[in-house]
Amino acid sequence: MTTAQSAYPATRLRRTRARAWSRALHRETVLTPADLIWPLFITEGRGVEEPVGSLPGVSRWSVDGIVARAQEAAALGIPCVALFPNTPPARRTQGGSEALNPDNLICRAIRAVRDACGEDVGILTDVALDPYTSHGQDGLVDEAGYVANDATVEVLTRQAVVQAEAGADIIAPSDMMDGRVGAIREALEAKGHHNVQIMSYAAKYASAFYGPFRDAVGSGGLLKGNKQTYQMDPANGDEALREIALDIAEGADSVMVKPGLAYLDIIWRARQMFGVPVFAYQVSGEYALIEAGAAAGAGDRDALLMEKLICMKRAGAAGILTYHAPVAARLLNG
Ligand code: PBG
């Protein structure tokens with residue numbers, strides 16, 4: 001006698017998917033507004049909102065508008081905003097010294113947000129010279145246009161202290177110089193800023209996805225050439241882990257992988273290898289492509305963006321910097 005073999009498998013993975021309550025019960029990854037950091041662009045003036053052409057739905061705001069956005073973030077449950085200044089052209093110089101002005105646009109915005117929001121929202125600031133230089137590079141350049149490492153680290157360290165003195169909570173060096181995390185940590189300690197965190201842009205790639213950001217901060221038209229002598233080659237993965245290891249050793253509290261979606265393998269490997277908080281930056285080009293794709297009928301905008309965000313969390317991201325933060329938070333809050 002032979003036993004009749006069922007044509008169907010005993011184990012059916014689909015069984016758990018048949019009802020919404022069961023899908024909810026078996027969901028492995030959750031996304032909440034508390035996972036989001038909202039990047040904001042600042043411009044001079046009062047009552048000013050300037051839409052960024054290449055980022056539909058994103059504007060530059062004068063300091064009063066930045067305060068309103070920070071209050072909106074707190075109301076939506078978004079724990080942190082990231083501030084990026086669009087420095088007036090007349091203040092951009094070869095050496096980017098406006099970065100060290102304690103009364104520059106970003107410092108005024110930091111103080112205004114702190115005054116209005118207190119501890120309700122964290123303030124992350126970018127450390128790099130590109131919004132302040134007349135050449136759009138992140139550091140100090142020699143005659144050949146090469147960005148010099150050590151001289152740049154010295155200026156960035158001072159820039160980080162200026163931002164911390166204004167009230168920044170998280171210093172985020174986005175420049176990809178070697179040794180800057182250690183130098184910044186030492187300077188922060190020396191000035192008593194023991195609780196100011198460092199989130200390093202540890203694995204930041206020389207990416208074609210940053211174009212709309214450079215429009216937003218006004219460095220795009222100034223930039224000659226590219227940033228391949230300091231940002232990473234998209235072909236490299238092992239090197240990203242070495243970058244991350246160095247930044248952790250130098251005192252980074254958390255690290256960032258940037259861009260996000262095309263680099264999920266780096267997020268995954270970093271999380272597995274180091275167990276530190278790894279943040280993903282869904283960059284401007286990624287945002288713009290979702291908006292353009294949805295506008296062209298390629299899919300539903302909200303569904304596209306929520307899928308991308310949950311996938312970054314599934315890959316191991318502790319949180320995500322995204323221009324879609326308020327849209328996503330509203331969807332999550334129902
Ligand atoms: C500046 C900086 C860049 C971004 C964040 N900080 C641009 C660059 O490196 O050229 C990109 C963010 C985005 O595209 O959304 N150092």
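Helix 10 buries L305, M306, L309, C311, M312 and K313, where buried means under 20% relative accessible area, exposed over 50% and partly exposed in between (1.4 Å probe, protein chains only). Please keep in mind that this is a predicted model, in which local features need pLDDT of at least 70, side-chain atom pairs count only at pLDDT 80 or more, and totals for chains, interfaces and linings use all residues. Residues are numbered from 1 along each chain as its sequence is written, and side-chain values use heavy atoms, with hydrogens and water left out.

Helices (H or I, at least four residues) and strands (E, at least two) are DSSP runs, numbered from the N terminus. The 14 residues of helix 10 (residues 301-314) should span 20 Å at 1.5 Å a residue, and the end C-alpha atoms are indeed 20 Å apart; the expected span is 1.5 Å times one less than the number of residues. Just past this helix, G316 has a positive phi of about 120 degrees.

The buried residues of helix 10 pack against these elements, among them strand 10, with contact meaning heavy atoms within 4.5 Å:

| Element | Residues |
|---|---|
| strand 1 | 36-42 |
| helix 8 | 264-274 |
| strand 9 | 278-282 |
| helix 9 | 284-295 |
| strand 10 | 319-322 |
| helix 11 | 325-333 |

Strand 10 is covered on both faces, with G319 and L321 buried on one side and I320 and T322 on the other. In a regular strand the side chains alternate between the two faces of the sheet. Strand 10 pairs in the parallel sense with strand 1 over two bridges and with strand 9 over four bridges; pairing requires at least two DSSP bridges between two strands. I320 is the bridge partner of L36 and of A280.
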